[in-house]
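Let's take a walk through this model together, starting where a ligand sits and ending out in the loops. Keep the viewer open as you read.

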Amino acid sequence: MVTKQVYQSLLQKKAHHQKAFAVLIDPDKVDANQIASIAEKCNEAAVDYVFVGGSLMVTNHLDACIQSFKAHSDIPVILFPGSPAQVSRYADALFYLSLISGRNPELLIGAHVVSAPMVKASGLEIISTGYIVVDGGAATTVSYMSHSQPIPNDKDDVALCTAMAGEMLGKHVIYMDAGSGARQSISEGMISKVSASIEIPLIVGGGIRDAEKAYRNCKAGADVIVVGNAIEKDNTLIKEIAEAVHGVEVKV
Ligand code: 1GP
């Protein structure tokens with residue numbers, strides 16, 4: 001029986017109104033030396049989670065990337081796979097993503113059927129994830145690869161109904177993403193409507209580039225903030241954003 005430690009930690013943080021910060025590492029964009037330094041910065045900043053994955057994986061060092069991170073840090077590593085090939089037993093958990101904002105059956109269930117035996121055999125903790133892509137003002141790899149349109153960024157109701165449906169279908173978390181490097185991150189209005197409509201943890205990412213934005217997204221209702229691109233360019237942001245996210249006080 002696989003323990004649900006990572007998911008329990010997400011639920012506990014949410015129950016205690018503690019916001020979490022996740023650093024996204026794309027194995028295609030970092031080398032082994034960089035990983036050691038990113039891991040140290042994540043440790044110093046008390047980063048809550050590290051997500052590893054990318055829409056495409058051109059290089060083949062997912063295992064090495066995670067092992068190298070693990071050699072320097074105890075922060076839980078969660079796979080955020082762009083395809084069923086991105087499974088590594090060295091991670092702690094895997095977001096089992098169903099692209100519920102899209103209408104491509106392959107990414108709703110097809111790829112899952114094909115990869116199910118391999119995913120099960122990995123022994124990883126599986127976190128069933130309703131993945132919602134919102135238009136971030138630029139064509140993203142995920143939209144192109146998935147042949148599906150993102151939710152328009154002003155259609156808050158579509159996003160909230162999609163998240164509600166995801167929760168009722170039994171997803172453990174909702175991950176709302178404007179796509180890596182989005183020009184426009186998800187609006188606080190949309191985040192607050194979605195978070196008010198569901199009880200499961202809400203992960204928000206895509207185009208978040210500074211601490212102020214991360215703080216405001218948490219205030220709006222995001223439980224976990226994910227930053228990838230901006231940190232690849234400047235990893236001193238790890239500390240700044242972690243402080244902002246951890247400093248959010250929520251009125252209850
Ligand atoms: C992308 O949510 C993540 O899937 C993070 O996006 O790289 O723009 O921070 P960025």
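What follows visits the ligand site, the cysteines, the aromatic rings and two loop residues in turn. Please keep in mind that this is a predicted model.

Begin at the ligand. It is surrounded by 13 residues, and the closest are Asp177, Ser180, Gly181, Gly207 and Gly228. Sorted by class, this shell holds 8 polar, 4 nonpolar and 1 charged residues. If you zoom in on the backbone, you can pick out several polar contacts. A backbone N or O atom of Gly181 is 2.6 Å from an oxygen atom of the ligand. Gly228 also brings a backbone N or O atom to an oxygen atom of the ligand, here at 2.8 Å. For Gly206, a polar backbone atom lies 3.2 Å from a ligand oxygen. How much of the ligand's accessible area does the protein cover? On its own the ligand has 310 Å² of accessible area, and the protein covers 97% of that.

Now turn to the cysteines. A disulfide is a covalent bond between the sulfur atoms of two cysteines. How many disulfides are there in this model? The count comes to 0, and the distances help to explain it. For the sulfur of Cys42, the closest cysteine sulfur belongs to Cys65 and is 11 Å away, too far for a bond. Looking from the other side, the sulfur of Cys65 has its closest cysteine sulfur in Cys42, again at 11 Å. The cut-off for a disulfide is 2.5 Å between the sulfur atoms, so this pair does not qualify. As for their surroundings, Cys42 is buried because its relative accessibility is 0%. Cys65 is buried as well, with a relative accessible area of 3%.

The aromatic rings come next. A pair of rings is described by the distance of the centres and the angle of the planes. Searching the whole structure gives 6 aromatic pairs. One of them joins Phe51 and Tyr175, with 6.2 Å from centre to centre and 50° between the planes, a tilted arrangement. This pair links distant parts of the chain, as Phe51 is in strand E2 (residues 49-52) and Tyr175 is in strand E6 (residues 173-177), 124 residues apart. Are these two residues buried or exposed? Both Phe51 and Tyr175 are buried.

Tyr175 also pairs with Phe95. Their ring centres are 6.1 Å apart and the planes meet at 75°, so this pair is edge-to-face. Because Phe95 lies in strand E4 (residues 93-99) and Tyr175 in strand E6, the pair ties together parts that are 80 residues apart in sequence. Phe95 has a relative accessibility of 1% and so counts as buried, and Tyr175 is likewise buried at 1%. Stepping back, you can see a cluster in which ring pairs link Phe51, Phe80, Phe95, Tyr131 and Tyr175.

Finally, visit two loops and look at the backbone. Most residues other than glycine have a negative phi. His17 is not a glycine, yet its phi is positive, at about 55°. You will find His17 in the loop between helix H1 (5-15) and strand E1 (20-25), and His17 is partly exposed because its relative accessibility is 38%. Ala46 also has a positive phi, near 55°. Ala46 sits in the loop between helix H2 (32-44) and E2. With a relative accessibility of 47%, Ala46 counts as partly exposed.

Technical notes
Residues numbered from 1 in each chain as written. Predicted model: local features only at pLDDT ≥ 70, side-chain atom pairs only at ≥ 80, totals over all residues. Heavy atoms only, no water. Near = heavy atom within 4 Å. Polar contact = N/O pair within 3.5 Å; in protein donor to acceptor, adjacent residues only side chain to side chain. Areas by Shrake-Rupley, 256 points an atom, 1.4 Å probe, with all protein chains shown as cover. Nonpolar A, V, L, I, M, F, W, Y, C, P; charged D, E, K, R; others polar. Buried < 20%, exposed > 50% of the residue type's maximum accessible area, 1.4 Å probe, protein only. Phe/Tyr/Trp six-rings, centres within 6.5 Å; stacked < 30°, edge-to-face > 60°. Helix = DSSP H or I, 4+ residues; strand = E, 2+ residues; numbered from the N terminus.
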